[in-house]
Amino acid sequence: SVNPETSTVAFYGTFNLDGQQSGSTNTMSFYNVTINGNTRTLTGNLNVDNNFTISSGTTWSAGSNKIYVGGDWNSAGTWTYGTSTVVFDGNGYNKIQGAAGTITFANIELSRNTTLGTPSKNVRLLNPVLINTAMTFNKGRVYSTTTNYLSFADNATCTVTNDDSAYVHGPVRKTGNDAFSFPLGDTTLQDSISYHPLGISAPGSASD
């Protein structure tokens, strides 16, 4: 049993990292985690209560595991996402940022931890973010701009389970020949009336 308090753990070298208890789905909680140098491979789920950083010059290979992030995401190095799922489960105003260009995720779950009756907090995009497989909005909002927008690849899906407080305030793009519902909303309105999705029928080409 470890209480991380507000500590930062930095991992160096080319080794594996497994945040799960052996033979269990339980994870050890870290506060801040920084991955430094060479290539580090995730071989079990990882739970970071606050900020997660992939330093410049570092490769982080996630495989098929889950990474729980309560604070900021900063992939300044090489992010090899595999079929992993990143779960944003914090309760503050946080950011997704990284090296120049688009940050791609296989799967994202937005499950913000907010007190009953209080507004969900925003996750602000400081880079364009591309969802390659699926995104699930359970609770929480994404704040995007015309420069740093949220986009979905061909065949990528979007599921909104709680439309009172889970949506994107700002631009969303979709590529492909799939019918799609854009998870749009407006943070200037009360959560109970802020979700305003926009649906399209299937375009004719996978490159549309």
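Two strands pair if DSSP finds at least two bridges between them. Strands (E, at least two residues) and helices (H or I, at least four) are DSSP runs, numbered from the N terminus. In this predicted model, local features need pLDDT of at least 70 and side-chain atom pairs count only at pLDDT 80 or more, while totals for chains, interfaces and linings use all residues. Residues are numbered from 1 along each chain as its sequence is written, and side-chain values use heavy atoms, with hydrogens and water left out. The protein has 22 strands and zero helices. Its radius of gyration is 17 Å, close to the 17 Å that the globule rule gives for 208 residues, so the protein is as compact as a globular protein of that length. The radius is taken over C-alpha atoms, and the globule rule is 2.2 Å times the number of residues to the power 0.38.

**Overall build**

- Taken along the principal axes, the box filled by the C-alpha atoms of the protein is roughly 45 × 40 × 35 Å.
- Of the 208 residues in the protein, 44% are buried. Buried means under 20% relative accessible area, exposed means over 50%, and partly exposed lies in between (1.4 Å probe, protein chains only).
- Contact means heavy atoms within 4.5 Å. Among the contacts in the protein with a separation of 6 or more, 41% come from residues 24 or more positions apart.
- The protein exposes about 9,700 Å², and carbon and sulfur atoms supply 47% of this area. Accessible areas come from the Shrake-Rupley method with a 1.4 Å probe; for residues, only the protein chains shown count as cover.
- There are 13 negative and 10 positive side chains in the protein, and the centres of the two sets lie 5 Å apart. Lys and Arg count as positive and Asp and Glu as negative, while His and the chain ends are not counted. The place of a charge is taken as NZ of Lys, CZ of Arg, CG of Asp or CD of Glu.

**A parallel sheet**

- Four strands, in the order β2-β5-β8-β11, form an open sheet with parallel pairing.
- The edge strands are β2 (16-17) and β11 (78-80), each of which pairs on one side only.
- Strand β5 (residues 38-42) pairs with β2 in the parallel sense over two bridges. Asn16 has Thr41 in β5 as its bridge partner.
- β5 and β8 run parallel and are joined by four bridges. Here Thr41 stands opposite Ser61 in β8.
- β8 and β11 also run parallel, joined by three bridges. The bridge partner of Thr59 is Thr78 in β11.
- Side chains alternate along strand β8 (residues 58-61). Thr58 and Trp60 point to one face and are buried, whereas Thr59 and Ser61 point to the other and are not buried.

**Two buried residues in strands**

- Leu110 lies in strand β14 (residues 103-111) and counts as buried at 1% relative accessibility.
- Leaving aside neighbours within four places in sequence, Leu110 is in contact with several residues, among them Phe88, Val123, Phe137 and Val142.
- Leu110 and Thr133 are 23 residues apart along the chain, and their C-alpha atoms are separated by 14 Å.
- Ser151 is in strand β17 (residues 150-152) and counts as buried at 11% relative accessibility.
- Outside its neighbours within four places in sequence, Ser151 is in contact with Val129, Leu130, Ile131 and Arg173.

**Exposed residues outside the strands**

- Most residues other than glycine have a negative phi.
- Glu5 is not a glycine, yet its phi is positive, near 45°. Glu5 is in the segment before β1 (8-12) and is exposed, with a relative accessible area of 58%.
- Asn155 is not a glycine either, and its phi is positive at about 75°. Asn155 sits in the loop between β17 and β18 (157-160) and counts as exposed at 53% relative accessibility.
- Thr147 is in the loop between β16 (129-143) and β17. Thr147 is exposed, with a relative accessible area of 54%.
- Thr147 and Leu125 are 22 residues apart in sequence, and their C-alpha atoms are 9.4 Å apart in space.
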